Amino acid sequence: MFGTTLPLGRIAGIRIRAHWSVVIVLAMLAWVLGSSVLPASVPGYSSLAYGLASLLFAVCFLGGLLAHELTHSFIARRFGLEVDGITLWALGGVAQLKGEPPSPKADLLVAAGGPAMSALIGGACLGASYLFDDGSTPLLLIAGLAWLGVTNLFLAGFNLLPGTPLDGGRVLRSAVWRATGNRAKAVAVAARCGQVLGVLLIAAGIAELVFWRQTTGLWLAVIGLFLISSARSELNAERARGRLVTILVRTVMDSRPTLAPGWWPIDAFLQQLGPNPRRRVFCVMSEQNQLIGLTSLAELNGLAGTGGGGLRIADVCRDAPRQVGPDEPLLQALSGISLRPGLDLLAVLDDDRLIGVVDADDLVRS
Ligand SMILES: [Zn+2]
């Protein structure tokens, strides 16, 4: 979903990244704070003071956003879900979870955790702004705390609107899932609500733009469009999931995979593959024809390009890929992992014998 992102580090092992568009949000928030919110509520400071305070509070706001996503992530981890990382971008933050919550209860808690954290931060900031308003604390600080409080409470409320992909949509999904026992139906209901919500936001945004001449209407409309497209892709993903349940590994596997002999030097294998190989990911085999690892054209080309062409493939390959049976449902075979195009594959084994592979290209073809 995101192109170039800037790594910001790790918190409790979770990778934090920022998409370039987050700079726009930071600039917009700082601009609104510095040019109208702060001067209007606490007049009399210098432009420099407003500027610095605005930047500080805008960064604090992003910190609150990060705390919101971290809460989703930590709760998801408690339910055994892997967290790929958190990306901050123009429309907020996204915690990238691998797999789906295992039960309606898990779904509810993962979803509700984020808004609960935002509400907590909002309440704490508002509380602090009252507590410190004793004449000795700079008014600029108090105004900023109050703004942080209100925006975080707004964030909690907005995220609880009941439609995919907002947290409220997931809360709705968990409720329908619990009531009907049918997850696919719950996903569909929440996604439909997300699309309706998207249309309403676009209408509200246009009305704001046309009748009140407020450019923030444009922002609402963009968020509306985002909701509609996310809800649609979630619906499509669920339909694809539904199909995967009935498809067996056997029907999509490539039964003539290209195998990489582990004892060969990289150069010799690349030469044998030729300029346009049929496959991009390879099972690495031992001389006894046992599966010992996994490698890809990209990795081998990379090594050959940096002078490693003489190395044995077995010495540079990754661990053996996940092994599945030919009659396993594809959905089960793929659960909890993602097959990155050109990098990963599933090895299909029958009685310890490799009879095929499934990679991302095979899934697209099916
Ligand atoms: Zn959230």
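Buried means under 20% relative accessible area and exposed over 50%, with partly exposed in between, using a 1.4 Å probe and protein chains only. By that yardstick, Arg 278 is partly exposed, with a relative accessible area of 49%.

A word on the ground rules. This is a predicted model, in which local features need pLDDT of at least 70, side-chain atom pairs count only at pLDDT 80 or more, and totals for chains, interfaces and linings use all residues. Residues are numbered from 1 along each chain as its sequence is written, and side-chain values use heavy atoms, with hydrogens and water left out.

**The zinc site**

Let's start with the metal. The zinc ion is held by His 68 (NE2), His 72 (NE2) and two OD contacts from Asp 167, at 2.0 to 2.7 Å. Donors here are N, O and S atoms within 2.8 Å of the metal (3.2 Å for Na, K and Ca); water is not among the atoms, so sites may look incomplete. Along the chain, the donors are spaced as H-x3-H-x94-D.

The angles among the 4 donor atoms run from 54 to 148 degrees, and the site is classed as irregular. For reference, four donors count as tetrahedral if all angles lie between 85 and 135 degrees; four count as square planar and six as octahedral if opposite donors are over 155 degrees apart and all others between 65 and 115; anything else is irregular.

Both histidines sit in helix α2 (residues 47-78), and because they are 4 residues apart, His 68 and His 72 are separated by about one helical turn. Helices (H or I, at least four residues) and strands (E, at least two) are DSSP runs, numbered from the N terminus. His 68 is buried at 2% relative accessibility, and His 72 is buried at 7%.

Glu 69 is also found in helix α2, and it is buried with a relative accessible area of 7%. The UniProt annotation "active site" (unreviewed entry) covers Glu 69; UniProt positions are given in the numbering used here, feature names are shortened, and annotations may be inferred rather than shown by experiment.

Asp 167 belongs to helix α5 (residues 167-180). Its side chain makes a polar contact with the side chain of His 72 at 3.2 Å. A polar contact is a pair of N or O atoms within 3.5 Å; within protein, one must be able to donate a hydrogen and the other to accept it, and residues adjacent in sequence count only if both atoms are side-chain atoms.

**Salt bridges**

A salt bridge is a side-chain nitrogen of Lys or Arg within 4 Å of a carboxyl oxygen of Asp or Glu. By this rule the count comes to 19 salt bridges. Here are some of them:

| Pair | Closest N and O atoms |
|---|---|
| Arg 173 and Glu 234 | 3.5 Å |
| Arg 278 and Asp 254 | 3.3 Å |
| Asp 315 and Arg 312 | 3.2 Å |

Arg 173 in helix α5 and Glu 234 in helix α7 (residues 216-246) are 61 residues apart, so this pair links distant parts of the chain. Arg 173 is buried at 5% relative accessibility, whereas Glu 234 is partly exposed at 21%. Both belong to a salt-bridge network with Glu 100, Asp 107, Arg 170, Arg 183 and Glu 238. As for the other pairs, Asp 254 is buried at 10% relative accessibility, while Asp 315 is exposed at 55%.
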